[in-house]
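Trainee: Could we go through this structure together, asking at each step what justifies the words we use?
Mentor: Gladly, let us look at it first.

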There are 4 protein chains.
Amino acid sequence: MNQSNPSELLTTRRDRRIERQRRQIMDAAAQVFAEKGYAATTTKDIALAADVGESTLYNYFENKRDILLGIAAYQEARLDKVFQQAVTMETRQQMVDVFVAVMDIVLSQSHYIRALIGEAWVNDEILNNHLVVRLSQISDFLQNFIAKRVASGAFRPVDARLGARMVIAEFIGAILPALRGVEPQPDPRQRRELAEGIIALWIDGVNNGNFR
Amino acid sequence: MNQSNPSELLTTRRDRRIERQRRQIMDAAAQVFAEKGYAATTTKDIALAADVGESTLYNYFENKRDILLGIAAYQEARLDKVFQQAVTMETRQQMVDVFVAVMDIVLSQSHYIRALIGEAWVNDEILNNHLVVRLSQISDFLQNFIAKRVASGAFRPVDARLGARMVIAEFIGAILPALRGVEPQPDPRQRRELAEGIIALWIDGVNNGNFR
Amino acid sequence: MNQSNPSELLTTRRDRRIERQRRQIMDAAAQVFAEKGYAATTTKDIALAADVGESTLYNYFENKRDILLGIAAYQEARLDKVFQQAVTMETRQQMVDVFVAVMDIVLSQSHYIRALIGEAWVNDEILNNHLVVRLSQISDFLQNFIAKRVASGAFRPVDARLGARMVIAEFIGAILPALRGVEPQPDPRQRRELAEGIIALWIDGVNNGNFR
Amino acid sequence: MNQSNPSELLTTRRDRRIERQRRQIMDAAAQVFAEKGYAATTTKDIALAADVGESTLYNYFENKRDILLGIAAYQEARLDKVFQQAVTMETRQQMVDVFVAVMDIVLSQSHYIRALIGEAWVNDEILNNHLVVRLSQISDFLQNFIAKRVASGAFRPVDARLGARMVIAEFIGAILPALRGVEPQPDPRQRRELAEGIIALWIDGVNNGNFR
DNA sequence: AATGAATGAGTTTTCATTCAT
DNA sequence: AATGAATGAAAACTCATTCAT
């Protein structure tokens, strides 16, 4: 690591400082957006949460909306990484592992996700560019996962599309209370149990064989 | 001008007119709240949608928030009626019927529900008094429904609480895209198929007996 | 004046009230714009001068710029009327009359003109749409006026374009000090003398016949 | 590193560098002031145009206004030089020469002048200290020039004050379009023709002897 | 009962200036 | 000397609410 070019180093250092500050602001903003929603959050709220002057925000973001978009963009990178590991999923146990992994990620940055979901509820741009895109990927993967097992006879001839949507719904249903803050975040053991319970229900249903 | 009981009649007529106007305003407001969210909606938006002057709103509601609360209260009455019929649910077919009935109600007043969900996402008062209350009732009923069948041996020994939450999640997952407006509302036949598919999955799972 | 349609009357009255208020704001704004320039004038300045709340401005104009454009548009109507009488100009005496008439108009609404000139100095839109347009009309008329007299032998073979520009320059040079406020506005007698002096100089020059 | 007189030399070199930088900033600022006007120009605009950091401006000027005053002061020096040669003006030809000389100077630094005129329009300090002062000198000189020729019988008995103001107005009217940027700057030949035309008109008028 | 108009209290955003490096 | 970053003060503009009619 012989640093022959000092100016390059300086630039890097400066860039890192800027990036750190940007992230700190996004972090504070995501927190407030999550609690009050984007529209009800004032730049003053954000500045207070980020512990900077209100005008300082504008050294890092064009405007308030740009902070939201920054949050959304930053989020993408982190989420995309996780979904890649889903590809290896084969056995019931691996499904549980992936489930837990995604839950970990989502809950570890819950205020980012909560902020985005809240805005996506009223904002088509955020919805389509940041949530629908991602959910479609997941849904496609799951549909394929189901269809293959239906073909092999491992699964009953269920509608792959509906099946995929239901897993997603169950997953969301499982974490939503914690995301929204009505329930505390589950600890690691609870997460695994939750995941196992959901997967078991999804695979085997509730029926003992004689309910009709 | 034959008024057998002028004062009583007038009051009644007047009350009805007032109530009609209130409802018209709530309807218009719910529409706008659903689209833009409560915080981003201005009283001007509401007045325009309701086709009245902005200050006229204040003859029917204390303030902007009061319109939201009015919407929430109005909603309760309508929803409560539906849930009562759920009590009779016994067979798989009856489950489907209830499912469809609730779906019909929810989708028929989708902008009310959409408005409330949006606000509940950031507003604990709305969340607790209007959504959690209702979902708890449903969850309690479902847990009991499941527990009884587990006890009778009709269902496998599943966690009743988790089972209940999963039905709810699946139901919500099924109608959310239409509620949010990313998908068109399903027609009656599609609703029944959807309900049947979900119930079938929930009861029997995807497993063909040999997936582990 | 049998007013058979009361609603029409009401509308008219209301419209008149709105128009009066708009004009009052434009008047106050023109005053401040003239003194400080558009950019240095705050909406607070305007509101104070118009004796209304700052937010009231926005009931009558979209934004600050719109007030300026309102002033410009309002100005057009008044100026255009004057220039029409110029067409009759034939004799030296009539030239003086027109000169005085235009001077009267311009000085009677000096703060409007001063505001516009100030902004036209830095704003191409205002310059082209409101000053150049008008000056071109005048210049065209004058060029024609000169060309005809050159053709008839009444004038020496001067360049009509230059001649026209020079009358305009002389006129502006005559009123500019009063417009800008460095000199008091000339009284009617002074205006006539000024007009006569300028026309005389323009027609006959300074030469006594032997300066070369 | 042979410095015969290190401290003196350094100071001098340093002073020159400082002066060069000041001038560069004033030049950039004048350019932007000319285009947008002083009030609408931000320090960021100036810094960008001068290609320095925003805070660097404050090493050379007290504040934004000080830059404007610097421009005004710098301008004086350059203009004063020119007016001195006017004293020699005697013949018609010499008048044209002076006219052209002043036109050259003014147009060569048009953005300085344009910036100052723009600000003088709304700022009495700039107007009086920088424009009126100068124009008064010129006017005085011209009045004297005219009065002498009226006394000698070379000129008709015109009002010297009005005559002076008219030459000035004609000069300004001739270069204003180029100054403001609505017309391209005239090339040297055009300048001479313009000057000759104006002087001719001023001296001999348009009359062919029989217009009244 | 309906509403046009006015506005105070904020909200977002801008910008000249300072300061630490 | 140069400047990136921070910011107080103020700008333009918004909006829920009131009030007179």
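**How chain B meets chain A**

Mentor: In this predicted model, 56 residues of chain B are in contact with 55 residues of chain A. The area buried between the two chains is about 4,600 Å², with carbon and sulfur atoms giving 62% of that area.

Trainee: What makes Glu183(B) and Arg161(A) a salt bridge?
Mentor: The closest N and O atoms of Glu183(B) and Arg161(A) are 3.7 Å apart. The rule asks for a side-chain nitrogen of Lys or Arg within 4 Å of a carboxyl oxygen of Asp or Glu, so the pair qualifies. Across this interface the rule finds 6 salt bridges, along with 12 residue pairs in polar contact.

Trainee: Which elements of chain B supply the side that touches chain A?
Mentor: Those giving two or more residues are helix 1 (6-36), helix 5 (92-108), helix 6 (110-120), helix 7 (124-151), helix 8 (160-180) and helix 9 (188-204) of chain B. Helix 8 of chain B gives the most, with 12 residues. By class, this side of chain B has 28 nonpolar, 13 polar and 15 charged residues.

**The axis**

Trainee: How do you know how chain B and chain A are related?
Mentor: Chain B can be laid on chain A by a turn of 180° and a shift of 0.0 Å along the axis, with an RMSD of 0.1 Å. The two copies are therefore related as by a two-fold rotation axis. In chain B, the C-alpha of Gly205(B) is nearest the axis, 1.8 Å from it. The same surface serves both copies, as 98% of the contact residues of chain B recur in chain A.

**DNA strand F**

Trainee: Why is the approach of Ser55(A) to DNA strand F called a polar contact?
Mentor: A polar side-chain atom of Ser55(A) lies 2.4 Å from a base oxygen of the strand. The cut-off for a pair of N or O atoms is 3.5 Å, so this pair counts. Thr41(B) has a polar backbone atom 3.4 Å from a phosphate oxygen of DNA strand F, and by the 3.5 Å limit that pair therefore counts too. For Thr56(D), a polar side-chain atom lies 2.8 Å from a phosphate oxygen of DNA strand F.

Trainee: What part of DNA strand F lies within 4 Å of the protein?
Mentor: Of those strand atoms, 64% belong to sugar or phosphate and the rest to bases. On the protein side, the surface near DNA strand F divides into 7 nonpolar, 20 polar and 7 charged residues. Helix 1 of chain A gives the most to this surface, with 4 residues.

Technical notes:
Residues numbered from 1 in each chain as written. Chains lettered and ligands numbered in written order. Predicted model: local features only at pLDDT ≥ 70, side-chain atom pairs only at ≥ 80, totals over all residues. Heavy atoms only, no water. Contact = heavy atoms within 4.5 Å. Buried area = accessible area lost by both parts, 1.4 Å probe. Polar contact = N/O pair within 3.5 Å; in protein donor to acceptor, adjacent residues only side chain to side chain. Nonpolar A, V, L, I, M, F, W, Y, C, P; charged D, E, K, R; others polar. Least-squares fit on C-alpha atoms with pLDDT ≥ 70 in both. Near = heavy atom within 4 Å.
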